[in-house]
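Here is a short, friendly walk through one protein model. Please keep the structure open beside the text as you read.

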Amino acid sequence: MTIMKMKPTTFLFTVFKYVSIILASIVALLPICVCVLTAFKTTEEYNSTSVLDLPASFLYFENFAVALKFPSWMRKESPLCRSMPTTPGW
């Protein structure tokens, strides 16, 4: 089996390419992970811990129930709600 040798510049470019892809992936996925972790935290836990700390329990679904019951675009203080027509039935 023969091993093909790479030029040093090609090797360095390849290493740089993959390191930059890994760093860009971390930068892109970190906010999503923080949002998912925060969704499972209670208000007290959110106020007293770091954003990257794991929630005490992943079984806290009250935040999801509130979000589904009162979507932000339907609240009266929402800019989207203020721009809706004021017709009967709204």
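The report goes from the overall fold to the long helix, then to the cysteines and the aromatic rings.

## The fold as a whole

What you see is a predicted model. The protein contains four helices and zero strands, and along the sequence the pattern reads α-α-α-α. How much of the protein counts as buried? Of its 90 residues, 10% do. The protein exposes about 8,200 Å², and carbon and sulfur atoms supply 73% of that area.

Contacts along the chain add to this picture. Take the contacts between residues at least 6 apart in sequence: 10% of them join residues at least 24 apart.

## Helix α1 and its kink

Helix α1 covers residues 8-39. It has 32 residues and reaches 47 Å from its first C-alpha to its last. That is close to the 46 Å expected at 1.5 Å a residue. If you follow α1 along the model, where does the kink lie? Look at L29, where α1 has a kink of about 30°. The proline P31 comes shortly after that point.

Helix α1 is also the place of C33. The C-alpha atom of C33 is separated from that of V51 by 9.8 Å, and these two residues are 18 apart along the chain.

## Two cysteines without a bond

How many disulfides does the structure hold? The number is zero. C33 is in no disulfide, and its nearest cysteine sulfur, that of C35, is 9.4 Å away. The statement holds in the other direction too: C35 is in no disulfide, with the sulfur of C33 as its nearest at 9.4 Å. The cut-off for a disulfide is a pair of cysteine sulfur atoms within 2.5 Å, so a pair at 9.4 Å does not count as one.

As for their surroundings, C33 is partly exposed, with a relative accessible area of 43%. C35 is exposed, at 54%.

## The aromatic cluster

The structure holds four aromatic pairs. Two of them, both involving F40, are set out here.

| Pair | Centre to centre | Angle between planes | Geometry |
|---|---|---|---|
| F40 and F58 | 5.5 Å | 65° | edge-to-face |
| F40 and F61 | 6.0 Å | 70° | edge-to-face |

Which parts of the chain does the pair of F40 and F58 link? F40 sits in the loop between α1 and α2 (43-48), while F58 sits in the loop between α2 and α3 (62-69). The two residues are 18 apart, and the pair links distant parts of the chain. F61 lies in the loop between α2 and α3 as well, so its pair with F40 ties together parts that are 21 residues apart in sequence.

Are these rings buried or exposed? F40 is buried, with a relative accessible area of 15%. F58 is partly exposed at 42%, and F61 is partly exposed at 45%. The cut-off for buried is under 20% relative accessible area, so F40 at 15% falls into that class.

Which residues form the one aromatic cluster? They are F40, F58, F61 and F64.

## A neighbour in the loop

The loop between α2 and α3 also holds A56. At 75% relative accessibility, A56 counts as exposed. From C-alpha to C-alpha, A56 and F40 are 8.6 Å apart in space, and in sequence they are 16 residues apart.

To close, go back to F40 in the model: this buried residue belongs to the aromatic cluster with F58, F61 and F64.

Terms used
Residues are numbered from 1 along each chain as its sequence is written. This is a predicted model: local features need pLDDT of at least 70, side-chain atom pairs count only at pLDDT 80 or more; totals for chains, interfaces and linings use all residues. Side-chain values use heavy atoms; hydrogens and water are left out. Buried means under 20% relative accessible area, exposed over 50%, partly exposed in between (1.4 Å probe, protein chains only). Contact means heavy atoms within 4.5 Å. Accessible areas come from the Shrake-Rupley method with a 1.4 Å probe; for residues, only the protein chains shown count as cover. Rings of Phe, Tyr and Trp (its six-membered ring) pair if their centres lie within 6.5 Å; planes under 30 degrees apart count as stacked, over 60 as edge-to-face and the rest as tilted. The expected span of a helix is 1.5 Å times one less than its number of residues. The bend at a residue is the angle between axes fitted to the seven residues ending there and the seven starting there.
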